Amino acid sequence: MQNIERDVVIVGAGPAGLTAALELKKTGKTVAILEARDRVGGRTWTNTIGGATIEIGGQWISPDQTALYSLADELGIETYPRWKEGASVFIDHDGKRTVYTGEDFPVGEATVGEIDKLIAIMDELAAQVNPDKPWEHPEAKELDTISFHHWLESKTSDPVAVECVGLFIAGGMLTKPAKTFSALQALLMAASAGSFSNLVDEDFILDRRMSTTMQGVSLKMAERIGAEDIFLNNPMLRLEWSDDSVVAHGKDVSVSAKRVIMAIPPNLYTRPSYEPPLPRWQQVTHQHQSMGLVIKVHAVYDRPFWREQGLSGTCFSPSSLVQEVYDNTFLNDPRGTLVGFVSDEKADAMWALGEEERKTAILESMAAFLGEETLNPEVFYLSDFGSEEWTRGAYATSYDLGGLHRFGPTQNDAVGPIYFASSDLAGEGYQHVDGAVRMGRRTAARIVAELDGGSYDESFDGAVSPFVKA
Ligand SMILES: Cc1cc2nc3c(=O)[nH]c(=O)nc-3n(C[C@H](O)[C@H](O)[C@H](O)COP(=O)(O)OP(=O)(O)OC[C@H]3O[C@@H](n4cnc5c(N)ncnc54)[C@H](O)[C@@H]3O)c2cc1C
């Protein structure tokens with residue numbers, strides 16, 4: 001066992017932990033990062049599979065994600081647009097396939113009207129919600145104790161409109177059934193992206209990608225931090241703490257430090273043991289944020305054949321197994337890649353099948369949108385974060401019904417020298433890499449102010465780096 005000393009020990013080398021380390025080092029603080037996996041990047045992860053570049057985890061950046069844009073600038077990383085040209089495909093409840101252009105789903109005039117009405121209500125409420133403090137909304141308790149599905153049903157009697165609007169937040173974002181999380185949680189998701197209209201606009205929310213891939217952002221940060229300060233294959237198993245110091249015990253390195261940043265998803269906070277145990281409130285709170293579950297499907301073809309039919313590759317169907325499909329061809333790749341998503345209970349059903357059956361079911365669902373050629377990809381790969389010990393789901397965590405207004409107000413409170421930072425605790429950029437960057441910057445700034453006797457501006461949003469390299 002190696003014993004080392006640093007100013008700050010960081011648990012987790014995902015985007016939040018690496019950003020915090022990068023900022024702390026700019027002020028001359030010494031850091032060590034304990035990372036459980038054999039790589040950095042956490043829920044952002046790229047692999048070459050069958051010769052194709054596959055972004056297994058997070059990949060897209062949208063215009064509101066200014067913190068991630070500023071980090072990309074700082075690291076010299078460029079972005080490129082997702083392929084969006086051509087018509088989209090929609091499959092309705094009865095299996096009817098429609099090729100369409102424009103923003104509205106082809107679901108009949110009356111339903112389009114109801115969808116627009118629901119989006120307008122969501123936009124109005126989201127504008128009243130401070131993403132950093134959604135629990136301060138005057139109706140927070142009421143909104144947090146009704147499921148998103150039932151709340152939508154209270155606003156319209158059109159079940160198709162409820163299903164279509166539910167798709168964006170339930171299947172598309174929180175990856176939990178719309179009956180299992182609250183309307184307030186849905187509003188936080190909308191407010192964190194600027195508005196609900198932003199979330200439902202795939203051209204906005206899935207706007208661009210990183211030329212290095214999204215994991216490349218973490219790899220570049222790791223390069224700047226230095227390999228000597230990053231301890232891979234070192235899950236933190238035990239944390240000893242007092243009022244102003246910690247000893248973080250990894251698998252084969254122990255770090256004595258003044259502060260620790262837990263830059264891991266909240267569903268894993270209970271994984272290490274704490275000596276002494278965390279106070280009652282944190283022990284209770286940390287049980288109420290759980291991971292959603294989604295399968296990200298990657299299918300690579302010899303060419304992007306759908307473009308030849310004037311199709312963009314964008315497909316939606318709230319009732320299909322694969323609810324969303326997009327053209328996901330990597331920068332300058334002559335081959336064509338589709339990405340699809342199988343969410344929550346549909347994902348459960350898929351993991352219950354054997355490998356071949358699962359592949360057939362998923363490809364048949366995608367072929368219903370884009371035709372027979374979809375059935376024969378050269379490469380087929382399923383992202384399976386649910387089976388990853390150091391994540392346990394995808395994309396991120398959210399509160400159970402009623403949990404956000406009850407436990408949210410203290411979720412970012414430090415416990416003595418222990419700080420919590422993750423995209424799952426962010427306001428702006430919640431559940432996204434942008435939120436991880438903001439949390440990393442904000443937590444680093446809080447710790448520097450505390451250690452150096454300075455002041456921390458609670459309104460700092462992490463959009464820009466707080467420190468210039470000394
Ligand atoms: C399939 C998928 C698709 C996504 N798509 C997008 C997208 O398109 N755009 C977007 O912006 N976001 C997307 N996201 C979300 C984004 O990836 C996350 O918000 C972001 O990675 C969170 O960063 P983080 O640092 O807070 O946590 P993580 O990335 O989870 O990093 C936490 C790190 O902590 C480590 N760890 C855990 N426990 C321990 C321990 N005890 N000791 C030491 N280390 C530990 C983990 O191994 C991990 O490396 C997606 C996520 C998934 C899974």
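# A guided tour of the predicted model

By class, the residues that make up the shell around the ligand are 21 nonpolar, 14 polar and six charged. The model is a predicted one, and the ligand is a convenient place to begin.

**The ligand and its surroundings**

Select the ligand together with the 41 residues around it; G12, G14, A16, G42 and G58 come nearest. Helix 1 (15-26) and helix 16 are the elements that give two or more residues to this shell.

Next, colour the chain by its domain assignment: domain 1 covers 2-42 + 214-278 + 415-452, domain 2 covers 79-103 + 293-394, and domain 3 covers 108-205. Where does the ligand lie with respect to domain 1 and domain 2? Both domains give residues to the shell, so the ligand lies between them. The centres of domain 1 and domain 2, taken over C-alpha atoms, are separated by 35 Å.

For comparison with the database record, select residues 16-447, where an unreviewed UniProt entry places the feature "domain: Amine oxidase". This span is 35% helix and 21% strand, and its end C-alpha atoms lie 14 Å apart.

**The parallel sheet**

Display the strands in the order 11-3-2-15-24, which form an open sheet of five strands with parallel pairing. At its edges are strand 11 (230-231) and strand 24 (418-420), each of which pairs on one side only. Within the sheet, select strand 2 (residues 8-11) and strand 3 (residues 31-34), which pair in the parallel sense over four bridges. V11 has L34 in strand 3 as its bridge partner.

**Three antiparallel pairings**

Move to strand 4 (residues 46-49) and strand 5 (residues 52-55), an antiparallel pair with four bridges. T46 is the residue to select here, and its bridge partner in strand 5 is E55. Two residues stand between the strands of this hairpin, in which G50 takes a positive phi near 55°.

Then select strand 12 (residues 238-241) and strand 13 (residues 246-249), which run antiparallel and are joined by four bridges. These two strands form a hairpin with four residues between them. From strand 13, continue to strand 14 (residues 253-257): the two pair in the antiparallel sense, again over four bridges. Three residues lie between the strands of this second hairpin. V247 is worth labelling, as it is the bridge partner of E240 and also stands opposite S256 in strand 14.

**Helix 10 and its two ends**

Before helix 10, select T213, in the loop between strand 10 (208-210) and helix 10. T213 is not a glycine, yet its phi is positive, at about 70°. Most residues other than glycine have a negative phi, and most peptide bonds are trans. Is T213 buried or exposed? It counts as buried, because 25 C-beta neighbours lie inside 10 Å, against a threshold of 20 or more.

Now follow helix 10 (residues 214-225). At 1.5 Å a residue, its twelve residues should span 16 Å; the end C-alpha atoms are 18 Å apart, which agrees. The buried residues of the helix are M214, Q215, V217, S218, K220, M221, A222 and I225. An α-helix has 3.6 residues a turn, so residues three or four places apart point the same way. Just after helix 10, G226 takes a positive phi of about 105°.

**Backbone features in the loops**

Select P276, in the loop between strand 16 (273-275) and helix 11 (280-285). The peptide bond from E275 to P276 is cis, with omega near 0°.

The loop between strand 22 (379-383) and strand 23 (397-399) holds Y395. The peptide bond that leads from A394 to Y395 is cis, with omega near -5°. R392 is found in the loop between strand 22 and strand 23 as well. Phi of R392 is near 75°, a positive value in a residue other than glycine. With 17 other C-beta atoms within 10 Å, R392 is partly exposed.

**After helix 16**

Finish at S459, in the segment after helix 16 (433-452). S459 counts as exposed, because it has 6 C-beta neighbours inside 10 Å. For a last distance, select S459 and T212: their C-alpha atoms are separated by 32 Å, and the two residues are 247 residues apart along the chain.

Methods: Residues numbered from 1 in each chain as written. Predicted model: local features only at pLDDT ≥ 70, side-chain atom pairs only at ≥ 80, totals over all residues. Pairing = 2+ DSSP bridges. Buried ≥ 20, exposed ≤ 12 C-beta atoms within 10 Å, placed from the backbone. UniProt positions renumbered as here; feature names shortened; annotations may be inferred. Domains from an automatic or database assignment. Near = placed C-beta within 6 Å. Nonpolar A, V, L, I, M, F, W, Y, C, P; charged D, E, K, R; others polar. Expected span 1.5 Å × (residues − 1).
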